[in-house]
Amino acid sequence: VCDSFPEAENIPSFVIKAVSGKKLVVLKFDITNSTDSDMKVDLSSKKLSFKGIFNGSVKTNVLVTLLPEALNTFDDVIPAGGTIQTVLVFEISESYADNLTTVTVEVKSESGTKSIKLK
């Protein structure tokens, strides 16, 4: 939970800032290529939608960002045996962000919807 992402200073990339009264919730995911060959992962071409469900009732869609590590638009090659960290970024009310008890990500595709409880 933060006000902006990435948080580190002097990063020459795109920075997302929460609007007044809101906070960003950044969920980090590692994608590991456990094969012996480089693997192309192109989630940007899939018809996926991501929704965050916080404290069981606060629902919000993932932000569309220009971050190269955004899971919802990820399109890159993962080297053999390598791992790449990706993120999903959500914006929620500051009052909810201060007391997150449950976090679920709902992933919707052409074949259906799956809910993944993270916390």
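The following is a working chat about the cores, strand pairing, backbone features and salt bridges of a predicted model.

Trainee: Where should I start, and which residues have the most contacts inside the largest nonpolar core?

Mentor: Keep in mind that this is a predicted model. Its largest nonpolar core has 20 residues, and those with the most contacts inside that core are Val-25, Phe-50, Phe-54, Leu-88, Phe-90 and Ile-92.

Trainee: Which strands each supply at least two residues of this core?

Mentor: Strand 3, at residues 22-32, does so, as do strand 5 at 49-54, strand 8 at 83-93 and strand 9 at 103-109. Of the strands, strand 8 gives the most to this core, with four residues.

Trainee: And what is Leu-88 in contact with, leaving aside its neighbours within four places in sequence?

Mentor: With those neighbours left aside, Leu-88 is in contact with Val-25, Val-26, Leu-27, Phe-29, Phe-50, Val-62, Leu-71, Asn-72 and Val-105. Two of these partners, Val-25 and Phe-50, are themselves listed with the most contacts inside the largest core.

Trainee: How many residues are in the second, separate core?

Mentor: That second core has nine residues, including Cys-2, Phe-5, Leu-24 and Leu-67.

Trainee: Changing topic to the strands, how many bridges join strand 5 to strand 9, and do they run parallel or antiparallel?

Mentor: Strand 5 and strand 9 run antiparallel and are joined by six bridges. Within that pairing, Phe-50 has Val-107 of strand 9 as its bridge partner.

Trainee: What stands opposite Val-107 in strand 10?

Mentor: In strand 10, the residue opposite Val-107 is Lys-114. Strand 10 covers residues 112-117, and six bridges join this strand to strand 9, again in an antiparallel arrangement. The connection between strand 9 and strand 10 is a hairpin that passes through two residues.

Trainee: Now the backbone: which peptide bond is cis?

Mentor: The bond from Phe-5 to Pro-6 is cis, with omega near -5°. Pro-6 sits in the loop between strand 1, at 4-5, and strand 2, at 16-17, while Phe-5 is one of the residues of the second core.

Trainee: What about Asn-55, and what is its phi?

Mentor: Asn-55 is not a glycine, yet its phi is positive, at about 55°. This is worth a second look because most residues other than glycine have a negative phi, just as most peptide bonds are trans. Asn-55 belongs to the loop between strand 5 and strand 6, the latter at 58-61, and its relative accessible area of 24% makes it partly exposed.

Trainee: Let me turn to charges: how many salt bridges does a search of the whole structure find?

Mentor: The search finds three salt bridges. In one of them the side chains of Asp-3 and Lys-23 meet at 2.9 Å, N to O. This pair links distant parts of the chain, with Asp-3 in the segment before strand 1 and Lys-23 in strand 3, 20 residues apart.

Trainee: Is Lys-23 buried or exposed?

Mentor: Lys-23 counts as buried, because its relative accessibility is 14% and the cut-off for buried is under 20%. Asp-3, on the other hand, counts as partly exposed at 46%.

Trainee: And what surrounds Lys-23, leaving aside its neighbours within four places in sequence?

Mentor: Apart from those neighbours, Lys-23 is in contact with Val-1, Cys-2, Asp-3, Ala-18, Phe-90, Glu-91, Ile-92, Glu-94 and Ala-97. Phe-90 and Ile-92 also appear among the residues with the most contacts inside the largest core, and Cys-2 is included in the second core.

Trainee: Which side chains meet in a salt bridge at 2.4 Å?

Mentor: Those are the side chains of Asp-75 and Lys-40, with the distance taken N to O. Asp-75 lies in strand 7, residues 75-78, and Lys-40 in strand 4, residues 39-42, so that the two are 35 residues apart in the chain. Asp-75 is partly exposed, at a relative accessible area of 39%, whereas Lys-40 counts as exposed at 52%.

Trainee: Which loops hold Glu-110 and Lys-47?

Mentor: Glu-110 is in the loop between strand 9 and strand 10, while Lys-47 is in the loop between strand 4 and strand 5, 63 residues apart. Their side chains meet in a salt bridge of 3.6 Å, N to O. Glu-110 is exposed, with a relative accessible area of 68%, and Lys-47 is exposed as well, with 63%.

Definitions and conventions. Residues numbered from 1 in each chain as written. Predicted model: local features only at pLDDT ≥ 70, side-chain atom pairs only at ≥ 80, totals over all residues. Heavy atoms only, no water. Core = buried A, V, L, I, M, F, W, Y, C linked by side-chain atoms within 4.5 Å. Buried < 20%, exposed > 50% of the residue type's maximum accessible area, 1.4 Å probe, protein only. Contact = heavy atoms within 4.5 Å. Pairing = 2+ DSSP bridges. Salt bridge = Lys/Arg side-chain N within 4 Å of Asp/Glu carboxyl O.
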